[in-house]
Structures are given as C-alpha cells and as structure tokens.
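Visitor: I'm new to this structure and would love a close look at a single part. Could you take the sheet and walk me outward from there?

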Amino acid sequence: DPYYLQRLGPPAVVHYGSAAVGWKLDSPRQAIVAFAVLDLAMLAGAMVVFVLPQQKGAEKNTTKLMLAQVATALDTYRLNLGHYPTEQEGGLDALTKKPTFENERLGEKWQGPYLKPGTTLDDPWGNKLRYEPVAAGGDAGEAASTTALPYKLFSVGPDGQPDTDDDIKHGAEPAGTENTGR
C-alpha cells in the first residue's frame, strides 16, 4: 500500500539496542507495531530452539508406547494360540488380520484383531516396526540374554537403519534401569 509507505516516511535505520529497524518511527503506534513484530520474530526463534528438541523426545516416547502396545497384543496372541506369530503367519500382521492356518483348530483359537482398528505398525518416521521371533538356543541366544522375551521388537529410529544407536527397542532395558531422569 503506497499510502502506508508514505506515512512511514523514507527508509531509515532506527537502532533499538543492537536491533535495527528499516523504517523511521514517527509515532508511538508505529513503534509499538515495530516492536511487536520484533517480539514475534524472537518468539518464533525461541520456538525453533525449544520445541523441536521436545518434538524429537515426543516421537521417541510415542514409539516406546507403541512398542509396548504391540508387545501386549503379542502376549495376548500367544495366550490364545500357544505361540507368538511366526513369519509364515505374517509376523505383526497376524495381530490385525487372521492368518491362514494349516491346522483348522488353531485358526479357531485366533481371537483378533489384537490391536485397535486403525493402529499403525509404522513408527513416527514412517518405518515399519520390526518383529523377529528368537529361536530357543539358536544364534539368537545373545538376544535372549539381554531380554527375557522370545522375540525382538524394535523401531529402527529416525535414521531408518537397523542396529544403530538411535534404534528404539522394547524390553531392552533390564528391570529397574529405566531412565528416571537422574
């Protein structure tokens, strides 16, 4: 609006502390508006500094909760069928849709879906949750020693790569060593 620019006057530099504003401020109203704009800019900068790290923490917490929910569904599946889902049964997909069982009696025991409709099996970064049954005694004995669970359940984390430091694993911490913030 050319009229508005005429009212502000020619561009000039007004110093306020170490900040420079590109218009001459002739009235208190113009000064208030200019400083309000500066305040909003500083608030936006503060949000970037403080909110983004908290969002990353929220994504990790959401993933931990999701893994716990899936682990509960896996346990319920095992209680109904006598075993955890196998790869032939579809792995984690066996929690949401009934697998095809060779044994008809086993199929009758399936009481799913074991997760609420619409539950996604993807982490907040768009990666599929990983589920790997651990064979008793096999080369997965190492995994069985770090977790009492007969399976590995994890997210590959923000980098999307397995076996890196940002992986989020269910049941990986021994009891009593959860992060208490101390």
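Guide: Let's begin with one pair of residues: Arg130 has Phe154 in E4 as its bridge partner. Keep in mind as we go that this is a predicted model. That pairing belongs to the meeting of E3 and E4, two strands that run antiparallel and are joined by four bridges. E3 covers residues 130-133, and E4 covers 151-155.

Now zoom out a little. The sheet is an open one with three strands, in the order E3-E4-E5, and the pairing is antiparallel. E3 and E5 each have a single partner strand and stand at the edges, so one side of each has no neighbour in the sheet. As general background, strands of a sheet pair through backbone hydrogen bonds, and they can do that in a parallel or an antiparallel way.

Stay with E4 for a moment and look at Ser155, which lies in that strand. Is Ser155 buried or exposed? Ser155 is buried, because its relative accessible area is 0%, and the cut-off for buried is under 20%. Its side chain has a polar contact of 2.7 Å with the side chain of Asp123. Setting aside residues up to four places away in sequence, Ser155 touches Thr63, Leu67, Asp123, Trp125, Leu129, Asp167 and Ile168.

Close by in the sequence, look for Asp122. The side chain of Asp122 forms a salt bridge with the side chain of Lys128, at 3.4 Å from N to O. The count of salt bridges comes to one. Its two ends are not equally covered: Asp122 is partly exposed, with 24% relative accessibility, while Lys128 is exposed at 54%.

Next, follow the chain out of E4 into the loop that leads to E5. Pro158 is found in that loop, and Pro158 is partly exposed, with a relative accessible area of 43%. Apart from neighbours within four places in sequence, Pro158 is in contact with Trp125 and Asp166. You can also compare Pro158 with Gly126: they are 32 residues apart along the chain, and their C-alpha atoms are separated by 8.9 Å.

Asp163 lies in the loop between E4 and E5 too. Asp163 isn't a glycine, yet it has a positive phi of about 60 degrees. In general, most residues other than glycine have a negative phi, and most peptide bonds are trans. Asp163 is also exposed, with a relative accessible area of 71%.

For a peptide bond of the other kind, go to the loop between helix H3 (104-109) and strand E3, where Pro113 lies. Gly112 and Pro113 are joined by a cis peptide bond, with omega at about 5 degrees.

From there, turn to the aromatic rings. The count of aromatic pairs comes to four. In one of them, the ring centres of Tyr77 and Tyr114 are 5.5 Å apart and the planes stand at 65 degrees, so the pair is edge-to-face. This pair links distant parts of the chain, since Tyr77 is in helix H2 (residues 28-81), Tyr114 is in the loop between H3 and E3, and 37 residues lie from one to the other. Both rings belong to buried residues: Tyr77 has a relative accessible area of 0%, and Tyr114 has 13% relative accessibility. Together with Trp110, Tyr77 and Tyr114 form one aromatic cluster.

Trp110 has a counterpart to look for in H2 as well. Arg78 has its place in helix H2, and the C-alpha atoms of Arg78 and Trp110 are separated by 9.7 Å, with their positions 32 residues apart along the chain. Arg78 is partly exposed, at 33% relative accessibility. Not counting residues up to four places away in sequence, Arg78 touches His83 and Tyr84.

Finally, Tyr77 brings us to the nonpolar core. The largest one has 23 residues, and those with the most contacts inside it are Val70, Leu74, Tyr77, Leu92, Leu95 and Leu153. H2 and E4 each supply at least two residues of this core, and H2 gives the most, with eight. Take Leu74 as a place to look: leaving aside neighbours within four places in sequence, Leu74 is in contact with Tyr84, Pro85, Leu92, Leu95, Tyr131, Tyr151 and Leu153. In soluble globular proteins, nonpolar side chains tend to be buried together.

Technical notes:
Residues numbered from 1 in each chain as written. Predicted model: local features only at pLDDT ≥ 70, side-chain atom pairs only at ≥ 80, totals over all residues. Heavy atoms only, no water. Salt bridge = Lys/Arg side-chain N within 4 Å of Asp/Glu carboxyl O. Buried < 20%, exposed > 50% of the residue type's maximum accessible area, 1.4 Å probe, protein only. Polar contact = N/O pair within 3.5 Å; in protein donor to acceptor, adjacent residues only side chain to side chain. Contact = heavy atoms within 4.5 Å. Phe/Tyr/Trp six-rings, centres within 6.5 Å; stacked < 30°, edge-to-face > 60°. Core = buried A, V, L, I, M, F, W, Y, C linked by side-chain atoms within 4.5 Å. Pairing = 2+ DSSP bridges.
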